[in-house]
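Here are some notes for a colleague who is opening this structure for the first time. They are meant to be read with the sequence and the 3D view side by side.

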Amino acid sequence: MAPTGVIPSFRFAFSSPARLRTEVFGGLVVALALIPEAISFSILAGVDPRVGLFASFTMAVTIAFTGGRPAMISAATGAVALVVAPVAKEYGMDYLVATVLLAGVIQILLAVLGVAKLMRFIPRSVMIGFVNALAILIFIAQIPHLVGVPWLVYPLVAAGLAILVFLPRWTSVVPAPLVAIVVLTVVVIAAGLAVPNVGDQGELPDSLPSLFIPDVPLSLETLTTIAPYALAMALVGLMESLMTAKLVDDITEVRSDKTREAWGQGSANIVTSFFGGMGGCAMIGQTMINVKQSGARTRLSTFLAGVFLLILIVILGDVVGLIPMAALVAVMIMVCVGTFDWHSINPRTLRLMPWSETLVMLVTVAATVATDNLAIGVVLGVVAAMVLFARRVAHMTSVDAIDSDDGVRTYIVRGELFWASSNDLVYQFDYANDPGRVVIDLTHTDIWDASTVATFDAITQKYAAKGTSVEIIGLDGASADRLRRLSGNLGG
């Protein structure tokens, strides 16, 4: 086992036969699971299946060396497919590849600008919502393979689930997902069962990927055409990748380099574009298979996932095409069960948890499931968390009045002052009945923004109109500097 809190290196994969076996089998299971998904995402993007398959190969192999989160799987994804689909449909393959190339460049620029640091603003409730929405989306993606299919599919899925549940209790030498896939494939072939298989999802390529240089005019018009799609792809890809990296950090209890991950995603997309791929980002479902189901922890599993994928589709395509979809559906259902945070919906947890935290989680889940986009769900969840936090803090401000023997009234303000909490502050003073001198004591508070300074300007002006002098005391540091610089300079 790797030291706690230390990211396992490539060398750690070879530290023991058991660890090496885990990494190899993890990569193999992920490769098998990647094939139908990559084909589906290619169809979603409106391109040939080999475009998604080759993108998954180049993304996985590249990110194994450039990424910041070992054992995380990057490949062609549905979120990216949705973003680039209009480009492929309206402008063709060359513009699609140029878009992927530009998106990779943008991701590297965002890495330089420190976009990974924004992860600190993702609250726990949004992270839980992200995980739960992910589990729901993975399950929803399996429904088409369970509806309108031969009845034999259902007992096959049930058998696969039984293997996945009970085999780990007996032995962990071979990953249960791999056993389920092999056993169900053998049963289907031996019994001659007519059920949907991987080959039904689309044609597998029979050659290696080749260098592809997009044939597009190097002009401002081309840039303005692809830039909006490239920016959207870069943002969506980074959002999903960094959130997935944080999720894996929590599972493995090891913190990864998010800035390097952003660099790695950009590099992987650039490499992918030069091989005619559709681009991609971290694949959450496959990452969960690799990390949780298989127990992989190093870059070797990610690298082998890409290598095995290429071998399977180019050399063993005919054999892979015979794998029943029921086996892969069973694996993904178990991924859903293992990914969902069941503790978060436990009645006892819901009773103890502040309603605002639960609401943020529900907003994240609802937005993600409704839009089929994890990035949108996370953004809306963060916005909801910020609004609810501002609302909660705004009600923690209090103003107490104390009269002294020398005819001075002192107002003691407590609580943090910013736009949400200071807007009503102006109504907390008795302008008409206060004595000729008023002291506002801010010892127990801080001033965080210009809105609060504007509020104190309004308070002093109201007192001035009544002929009352006002003295503000108790501030120091940044708050005092902010009041000194901005007071009287904010206009009407």
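1. A useful place to start is the sheet, bearing in mind throughout that this is a predicted model. In strand S3, which spans 398–403, Asp400 stands opposite Ile412 in S4. The two strands concerned, S3 and S4 (residues 408–414), pair in the antiparallel sense, and six bridges hold this pairing.

2. Following the sheet onward from S4, one comes to S5, and these two strands run parallel, with six bridges joining them. An example of this pairing is Val408, whose bridge partner in S5 is Arg437. Strand S5 also runs parallel to S6, this time with five bridges between them, and here Val438 has Val470 of S6 as its bridge partner.

3. Taken together, these pairings give an open sheet of four strands in the order S3-S4-S5-S6, and the pairing is described as mixed. The edges are formed by S3 (398–403) and S6 (469–473), each of which pairs on one side only, and from one strand to the next the twist averages 20 degrees.

4. What lies across S4, S5 and S6? Helix H18, made of residues 450–465, does so, and it runs at about 160 degrees to S5, the strand of residues 437–444.

5. Elsewhere in the chain, a pair of packed helices deserves attention, namely H5 (residues 124–142) and H13 (residues 325–339), whose axes are 8 Å apart and meet at an angle of about 160 degrees. Because of that angle, H5 is roughly antiparallel to H13. The crossing of the two helices is left-handed.

6. Which residues make the contact between these helices? On the side of H5 they are Val131, Leu134, Ala135, Ile138, Phe139 and Gln142, while H13 contributes Val329, Met332, Ile333, Val335, Cys336 and Thr339. Sorted by character, the residues of this contact of H5 with H13 comprise 10 nonpolar and two polar ones, with no charged residue among them.

7. Charged pairs should be looked for as well, since side chains of opposite charge can pair when their charged atoms come close. The structure holds 10 salt bridges, and one of them links Glu23 with Arg19, where the closest N and O atoms are 2.7 Å apart. Both Glu23 and Arg19 belong to helix H1 (residues 17–45), in which they are four residues apart, or about one turn of the helix.

Terms used:
Residues are numbered from 1 along each chain as its sequence is written. This is a predicted model: local features need pLDDT of at least 70, side-chain atom pairs count only at pLDDT 80 or more; totals for chains, interfaces and linings use all residues. Side-chain values use heavy atoms; hydrogens and water are left out. Axes are lines fitted to C-alpha atoms, for helices over the stretch in contact, and angles run from 0 to 180 degrees between N-to-C directions. Angles under 35 degrees count as roughly parallel, over 145 as roughly antiparallel, 65 to 115 as roughly perpendicular and the rest as oblique. A crossing is left-handed if the near helix is turned anticlockwise from the far one by less than a right angle, and right-handed if clockwise. Contact means heavy atoms within 4.5 Å. Ala, Val, Leu, Ile, Met, Phe, Trp, Tyr, Cys and Pro count as nonpolar, Asp, Glu, Lys and Arg as charged, and the others, Gly among them, as polar. Two strands pair if DSSP finds at least two bridges between them. A salt bridge is a side-chain nitrogen of Lys or Arg within 4 Å of a carboxyl oxygen of Asp or Glu.
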